[in-house]
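Hi,

Here is the structure I promised to pass along. Have a look at it first, and then read my notes below.

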Amino acid sequence: MTKGRGGQRHRKYSPRSIDDQRSYPPRHDLSNELTALEGASYGRYKSLRGKWWTGEAELDIVKVQSDPFAPPSRLELRFATEPADLLDDWFATPARRRAVAVLLAKRFRRACRTKDLRIDAGGQEILQRSSCEVGEDGSVVFRLGAQMPGRGRRIDGRGAARLLCTALPDAADAALGVEDDEAWRWVRHADDVEALREAVAERGLVAFVADGSMLARRSGVDDRQMEGGVPFESPESLAVTVELPHTGTVRGMGIEPGVSLVVGGGFHGKSTLLRALETGVWDHVPGDGRDLVVTDRSAAKIRAEDGRAVTGVDVHAFVDHLPSGDDTRHFTTENASGSTSQAAAIVEAIEAGSKLLLIDEDTAATNLMIRDARMQELVAKDREPLTPLVDLIRSMADRHGVSTVLVMGGSGDYMDVADRVLLMDAYRPQDVTARARSLAAEPTGRVAEADAFDLPRPRVIDSDSVSAEFRGKQKIKASGTDGLRFGGSDVDVRSVEQITDASMTAGIGLALEAAMRRGWIDGKTTVAGALDRLEAALESEGVGALLDIRNADLAIPRRHEVAATLNRMRRLRVHQSGDMRA
Ligand code: ADP
Ligand code: MG
């Protein structure tokens, strides 16, 4: 192991010495300048905009708030390789850089003694965030908000000097002064998770849950691991072992493609397992409890969401012969029912490229899930527009490679179509496939209502319908994980459950804006094609692709979160590929 630089780690940052040898315009000492602004009108803070060289780091005052109540000013603090002083090994791979950046942002937040510096350190997931980036050369940039202090509408210059010239460098120093052991723990974890994802993909599994994982969370509002929970243990029949570079041999439950059914009594941990699989598309911080839970990156949580808008979605496999006579190959509604919203969500997820659907009975529409023998007797098929998922799920897996993990404790009809059945018993999974098979051998009198699922027809977004939102106002605003104000419209994303936090909501908004501006949504490309372009740009350019649009706290979403948000825009217009524009 080699150090980024030879010496010991002593950094002294103070935005004092302005070095005009670096092509920045010569500036007065930042601290003096702030003190000199004491008592001036608040708007004079704007004069600070620009780059300040500090000897150790470069401080860029990117955006200055216009009044004390406006959103915080935006700062970027860049440390070149040597002053950042990370060990070379810590930034050797993209996964390591991502993990170390999250660690540094968390350390920065912890070290920050004032509420006026606001860094987005995120939650339990390791995401690419704008708040901290580690470069291939070991450079580090922090991006954060600063609430510039005022007294009424006047500048508190001495307070500002303390904020930018003491609190900021102290927090950055403390963040970068990470102990080797702590950094190595995150780096090794990043390697192991990356290797685990590769091993899982190589074996053709859709998910893996390591033995010893702690899946339960503290509460609905505290995502940290529950203390005293029951550790996960795979049933022998589903156990696989993988070799990880640092942890070595790890045993766990491997979920094969196809239809996997999770059954069991209420409160036995079914939803907790499914929830772990939902968040397994993201890596977690070490010690989270779901450290070695990974799910196919394309996995989409599907749920019912009555009241949502649906635009031009081909839901005819699930919904046909509506009494209204509406064409369900181009299904559009301002106000979907539970069942049609869930049907649309399935079709949209497949359109966006999902290979694994995750469904929980707790949030599913019963009439889209099942229709049992008695109901088939009572209501003739030609009076029922809905075809339940149970009759399409096999074909989705067999013909299109779209697997499902389904939590269903309340109906046995899925035993007929499941490849494996897992019983959660006091948080411990058991393989009850054989018993379920023998039960399924006894006919219930139920008849299948469909024999094949056809891929939905691809849609093309009318780009005007998205860009029109921006006329006049250029606003993207995230309300936590609930909503996104996108130009002139509000998109309700409460049911897009895999959005992790407000920064991801913001990232989705900026990704959509980038997709408009850069022509990824161009009125000709299919939804999947536009998502391919977006994904490729996010992959190669990272947060820069979105920061170019606006300097903000953001986290990079998957294509699936972007698609799910787009699909919920109420003024979206589409046509189907090959059709005349409607
Ligand atoms: P189900 O979906 O089967 O009704 P849940 O997954 O909602 O059950 O879990 C019921 C309760 O048990 C929740 O409060 C959850 O936090 C808790 N729980 C789940 N898994 C575990 C576990 N492994 N150890 C301890 N508590 C757990
Ligand atoms: Mg449940």
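What follows is a run through what turned up, site by site.

One thing to keep in mind throughout: this is a predicted model.

**The magnesium site**

Let's start with the metal. The magnesium ion (ligand 2) has S271 (OG) and D362 (OD) as its protein donors, at 2.1 to 2.3 Å. S271 sits in helix α6 (residues 270–279), while D362 belongs to the loop between β21 (356–360) and α8 (366–369), so this pair ties together parts that are 91 residues apart in sequence. As for solvent, S271 is partly exposed, with a relative accessible area of 26%, and D362 is exposed at 56%.

**Two helices that cross**

Next, have a look at α13 and α16. Helix α13 (residues 502–517) packs against helix α16 (residues 559–566) with the axes 10 Å apart and an angle of about 75 degrees. That angle makes α13 roughly perpendicular to α16. On the α13 side the contact is made by M504, I508, A511 and L512, and on the α16 side by E561, V562, T565 and L566. Sorted by class, the residues of this contact are 6 nonpolar, 1 polar and 1 charged.

**F486**

You may want to click on F486 too, which is in strand β27 (residues 483–486). F486 counts as buried because its relative accessibility is 0%, and the cut-off for buried is under 20%. Leaving aside residues up to four places away in sequence, F486 touches V466, E469, F470, K475, I476, V491, G509, L512, E513 and M569. Two names on that list tie in with other notes here. L512 is one of the α13 residues in the contact with α16. M569 is 83 residues from F486 along the chain, and the C-alpha atoms of these two are separated by 8.9 Å.

**S339**

Another buried residue is S339, at 8% relative accessibility. S339 is in helix α7 (residues 338–351). Beyond residues up to four places away in sequence, S339 touches A365, N367, L368 and L386. Of these, N367 and L368 fall within the range of α8 (366–369), the helix at one end of the loop that holds D362.

**Cysteines**

How many disulfides does a search of the whole structure find? The search comes back with 0. Take C112: the closest cysteine sulfur is in C132, and at 13 Å that is too far for a bond, because a disulfide needs the two sulfur atoms within 2.5 Å. Going the other way, C132 is in no disulfide either, and the nearest cysteine sulfur to it is that of C112. Both of these cysteines count as buried, C112 at 15% relative accessibility and C132 at 4%.

**Positive phi**

Last, two backbone spots to check by eye. H321 is not a glycine, yet it has a positive phi of about 55 degrees. H321 is in the loop between β19 (310–313) and β20 (331–333), and at 66% relative accessibility H321 counts as exposed. A426 also has a positive phi without being a glycine, with a value near 50 degrees. A426 lies in the loop between β23 (420–425) and β24 (428–431), where A426 counts as partly exposed at 35% relative accessibility.

That's the lot from my side.

Cheers

Terms used. Residues are numbered from 1 along each chain as its sequence is written. Chains are lettered from A and ligands numbered from 1 in the order in which they are written. This is a predicted model: local features need pLDDT of at least 70, side-chain atom pairs count only at pLDDT 80 or more; totals for chains, interfaces and linings use all residues. Side-chain values use heavy atoms; hydrogens and water are left out. Helices (H or I, at least four residues) and strands (E, at least two) are DSSP runs, numbered from the N terminus. Buried means under 20% relative accessible area, exposed over 50%, partly exposed in between (1.4 Å probe, protein chains only). Contact means heavy atoms within 4.5 Å. Axes are lines fitted to C-alpha atoms, for helices over the stretch in contact, and angles run from 0 to 180 degrees between N-to-C directions. Angles under 35 degrees count as roughly parallel, over 145 as roughly antiparallel, 65 to 115 as roughly perpendicular and the rest as oblique. Ala, Val, Leu, Ile, Met, Phe, Trp, Tyr, Cys and Pro count as nonpolar, Asp, Glu, Lys and Arg as charged, and the others, Gly among them, as polar. Donors are N, O and S atoms within 2.8 Å of the metal (3.2 Å for Na, K and Ca); water is not among the atoms, so sites may look incomplete.
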